[in-house]
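Got the model open in your viewer? Follow along, and at each stop you'll hear what to select and what to look for.

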Amino acid sequence: MKFGEGTISVVIGGSSGIGRALALSLETRPGRVIVASRSSGLDVGDIASVERFFTDIGLVDHVIFTAGSSAPGGPLVNLDFDTAKTAFDVKFWGALAVAKAAAPHIKPGGTITFTSGFLARKTVPGTLIKTAMNAAIEAVAKILAVELAPVRVNVISPGLTDTEAYQGMEPVARKSMLDQAAATLPARRFGRAEDIAQGFLFVIENPFVTGATIDIDGGALVR
Ligand SMILES: NC(=O)c1ccc[n+]([C@@H]2O[C@H](COP(=O)([O-])OP(=O)(O)OC[C@H]3O[C@@H](n4cnc5c(N)ncnc54)[C@H](OP(=O)(O)O)[C@@H]3O)[C@@H](O)[C@H]2O)c1
């Protein structure tokens with residue numbers, strides 16, 4: 001898939017972290033990049049506004065969903081269902097709302113790319129909501145790759161990546177988390193947003209990739 005002056009890419013969640021790194025990379029290519037998130041007025045939890053958003057844009061080539069990084073942690077016995085459902089509303093139902101609203105507007109050769117996370121397939125006690133949301137995204141993407149063909153549908157699954165998602169952490173704890181990842185992951189580094197952005201570019205540009213989940217996790221799943 002070649003980028004041309006008429007190529008339109010939409011990054012939902014492109015105001016921060018992985019989405020912003022991808023938007024910056026896309027901006028170095030020909031065409032237009034549209035970034036949307038709550039700070040620009042689009043809350044993906046509001047399905048009607050997602051539909052209006054894509055109707056207003058018209059035809060697009062590539063739609064990338066990186067929105068929503070927060071999810072409650074902890075064991076089931078402490079689970080707050082309201083917080084868990086809100087996380088699903090953004091990351092899972094938001095992704096589906098975007099795909100549903102965008103699909104009729106995607107040009108031939110276009111793509112939809114979702115974001116999951118290594119916890120989709122790694123058993124870590126206390127992460128059941130992230131695991132469930134990410135696994136659900138990976139599962140539906142395969143179905144959508146068939147239902148929406150010839151639009152290509154893929155998933156990028158990041159490992160621990162230093163982004164604004166962790167800005168609420170105490171700085172020493174954040175550094176320690178990242179240092180530990182760098183010391184123990186087979187790749188001997190923690191992820192940078194740019195590392196993950198490269199994966200999105202790969203699935204967007206390679207016309208033979210669809211229904212795929214690409215792990216960019218420093219080897220977290222093989223450790
Ligand atoms: N960072 C990691 O270690 C890691 C690991 C595995 C998976 N992931 C996944 O990678 C994706 C991106 O994570 P990140 O680290 O780049 O997170 P981030 O820096 O926190 O960025 C999240 C983005 O989502 C947007 N967003 C949040 N709620 C939204 C809503 N209701 N409607 C529209 N936009 C919304 C935010 O913008 P506004 O605040 O303006 O809405 C922001 O642009 C997430 O799916 C995350 O689960 C990240």
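Start by selecting β3 and β4: they run parallel and are joined by 4 bridges. Strands and helices here are DSSP runs numbered from the N terminus (helices are H or I with at least four residues, strands are E with at least two), and two strands pair if DSSP finds at least two bridges between them. Now show Val-63, which stands opposite Ile-112 in β4. Before you go on, note that this is a predicted model, in which local features need pLDDT of at least 70, side-chain atom pairs count only at pLDDT 80 or more, and totals for chains, interfaces and linings use all residues. Residues are numbered from 1 along each chain as its sequence is written.

Stay on β4. Of its 10 residues, 7 are buried, so the strand is largely enclosed by the rest of the structure. Buried means 20 or more other C-beta atoms within 10 Å of a residue's own, exposed means 12 or fewer, and partly exposed is in between, with C-beta atoms placed from the backbone.

Next, click on Ile-106, which sits in β4. Is it buried or exposed? Ile-106 is buried, with 23 other C-beta atoms within 10 Å. Leaving aside neighbours within four places in sequence, Ile-106 is in contact with Val-60, Val-63 and Val-151; contact means that the C-beta atoms, placed from the backbone, lie within 7 Å. Add Ile-8 to your selection too: it is 98 residues from Ile-106 in sequence, yet the C-alpha to C-alpha distance is 9.6 Å.

**Across the sheet**

Move over to β5, which runs parallel to β4 and is joined to it by 5 bridges. Pick Ile-112 again and you'll find its bridge partner in β5, Val-153. How many of the 7 residues of β5 are buried? The count is 7 of the 7, so this strand is largely enclosed by the rest of the structure. Both of its faces are covered: colour Arg-152, Asn-154, Ile-156 and Pro-158 for one side, then Val-153, Val-155 and Ser-157 for the other. In a regular strand, side chains alternate between the two faces of the sheet.

From β5, step to β8: these two pair in the parallel sense over 4 bridges, and Ile-156 has Ile-214 as its bridge partner in β8.

Now show the whole sheet. It is an open one of 6 strands in the order β2-β1-β3-β4-β5-β8, with parallel pairing. β2 (32-36) and β8 (213-216) stand at the edges with a single partner strand each, so one side of each has no neighbour in the sheet. On average, neighbouring strands are turned by 15° against each other, direction ignored.

Over at the β2 edge, β1 (residues 8-12) runs parallel to β2 and is joined to it by 5 bridges. Show Val-10 here, and its bridge partner Ile-34 in β2. Then bring up helix α4 (residues 93-102), which packs on the sheet and touches β1, β3 (60-65) and β4 (106-115). Its direction makes about 175° with that of β3; axes are lines fitted to C-alpha atoms, for helices over the stretch in contact, and angles run from 0 to 180 degrees between N-to-C directions.

**The ligand**

Select the ligand and the 27 residues that surround it; the closest are Gly-17, Ser-37, Arg-38, Ser-39 and Gly-117. A residue is near the ligand if its C-beta atom, placed from the backbone, lies within 6 Å. Two elements give two or more residues to this shell, α1 (17-27) and α3 (81-91), and α1 has the largest share, with 3 residues.

**Backbone oddities and an open helix**

Go to the loop between α5 (128-147) and β5 (152-158), where you'll find Pro-150. A cis peptide bond joins Ala-149 and Pro-150, with omega about 15°.

Last, select helix α6 (residues 171-184). Just 1 of its 14 residues is buried, so the helix lies largely in the open. Then look at Arg-188, in the loop between α6 and β7 (191-192). Its phi is near 55°, a positive value in a residue other than glycine. Arg-188 counts as exposed, with 11 C-beta neighbours inside 10 Å.

Note on methods: Contact = placed C-beta atoms within 7 Å.
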